[in-house]
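Student: Could we go through this one together? I'd like to begin with the pocket and then wander a bit.

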Amino acid sequence: MKKLFAFLAIAALLTACSPYTLVNSEVYNNADLRSYHTFRIVTPDMGKLPPGMEMVTYYNIAAAIREQMVERGFTENPDSPLLINIAVTTQREIQTEPAIPPGYFPYSGPYYPYWMYPRSYYWSNYYSNAQVITGIYKEGVLTMDMVNINEKLPLYSSSVATIINNGQGQYRNLEGIAQAVQVLFSKFPVPLLPQYRK
């Protein structure tokens, strides 16, 4: 029992350190992805790159997706009906907290900001829904769709998000892309082949 608890604690610690969050992982139309044996990845000539994405970023994301698919027993084939489409979105997010948190006591507790003169002395209860901005940041989201392109049938979609610091996204370096794609596939219904499991 102690070994199981220690394992779970280590696993929770390792996953908590990841800068990537799985936003969704959804199978559509009762798709059996195990019935597909080949795949192909969208290419820039099939459309256009998302705003802000450079060709090198596209190639790095495609390579990381390719690796995950191969490790699950799929073979890349330019005629495959299983098309993997990708999208990258960057949006500005504003993080807030209640102006006066419930049970707030001046100068104590984990709440930020700390007011020099306690805000609760002048902030009446009727402002209880007021929010304080505690951070402004950019969030980057990488989304992958799998589609049976011959039938135009959505099969699977997964998204992963991360904070982008100073305009430099974690999706711009090989290590960051590999980590993001690994999280992207973390709940994929086709598991890794035994030789690739850790």
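Student: Which helices each supply at least two residues of the lining of the largest pocket?

Tutor: Keeping in mind that this is a predicted model, the helices in question are α2, spanning 55–70, and α3, spanning 174–184, each of which gives at least two residues to that lining. The largest share comes from α3, which contributes four residues.

Student: And how many residues line the largest pocket, and which lie nearest its centre?

Tutor: The lining consists of 15 residues, and those nearest the centre of the pocket are Gln68, Gln182, Leu192, Tyr196 and Lys198. By character, the lining residues divide into seven nonpolar, five charged and three polar.

Student: What volume does the largest pocket have?

Tutor: The computed volume of the largest pocket is about 510 Å³. As background, rolling a probe the size of a water molecule over the atoms shows where empty space is left.

Student: Let's step back to the whole chain. How many helices and strands are there?

Tutor: The protein chain has three helices and six strands, and read from the N terminus the elements follow the order α-β-β-α-β-β-β-β-α. Of its 198 residues, 32% are buried, while the accessible surface comes to about 13000 Å², with 57% of that area belonging to carbon and sulfur atoms.

Student: What about contacts between residues at least 6 apart in sequence; what percentage join residues at least 24 apart?

Tutor: Among those contacts in the protein chain, 75% join residues that are at least 24 apart in sequence. One pair that is distant in sequence is valine 141 and tyrosine 20, which are 121 residues apart along the chain, with their C-alpha atoms separated by 9.4 Å.

Student: Where does valine 141 lie, and is valine 141 buried or exposed?

Tutor: Valine 141 belongs to strand β5, which covers residues 131–148. Its relative accessibility is 15%, and because the cut-off for buried is under 20%, valine 141 counts as buried.

Student: Back to α2 for a second: which residues does asparagine 60 touch, leaving out those up to four places away in sequence?

Tutor: With those neighbours left out, asparagine 60, which sits in helix α2, touches Leu174 and Ile177. At 19% relative accessibility, asparagine 60 counts as buried.

Student: And valine 42, where is that?

Tutor: Valine 42 is found in the loop between β2, residues 38–41, and α2, and with a relative accessibility of 12% valine 42 counts as buried. Not counting residues up to four places away in sequence, valine 42 touches Tyr58, Leu83, Ile84, Asn85 and Ile86. For one of these contacts, the one with tyrosine 58, the two residues are 16 apart in sequence and 9.9 Å apart in space, C-alpha to C-alpha.

Student: Changing topic to the rings: how many aromatic pairs are there?

Tutor: The count comes to four aromatic pairs. One of them joins phenylalanine 185 and phenylalanine 188 in an edge-to-face arrangement, at 5.2 Å centre to centre and with 65 degrees between the planes.

Student: Why does that pair count as edge-to-face?

Tutor: The angle between the planes is 65 degrees, and a pair is called edge-to-face because its planes are over 60 degrees apart.

Student: Are those two rings' residues buried or exposed?

Tutor: Phenylalanine 185 counts as buried at 1% relative accessibility, and phenylalanine 188 counts as buried at 7%.

Student: Which residues form the aromatic cluster?

Tutor: Phe74, Tyr156, Phe185 and Phe188 form one aromatic cluster.

Notes:
Residues numbered from 1 in each chain as written. Predicted model: local features only at pLDDT ≥ 70, side-chain atom pairs only at ≥ 80, totals over all residues. Heavy atoms only, no water. 1 Å grid on protein atoms, 1.4 Å probe; cavity = no way out; pocket = protein on both sides within 12 Å on 5 of 7 lines; lining within 4 Å. Points joined across faces, edges and corners; volume = space filled by probe spheres on them. Nonpolar A, V, L, I, M, F, W, Y, C, P; charged D, E, K, R; others polar. Phe/Tyr/Trp six-rings, centres within 6.5 Å; stacked < 30°, edge-to-face > 60°. Buried < 20%, exposed > 50% of the residue type's maximum accessible area, 1.4 Å probe, protein only. Contact = heavy atoms within 4.5 Å. Areas by Shrake-Rupley, 256 points an atom, 1.4 Å probe, with all protein chains shown as cover.
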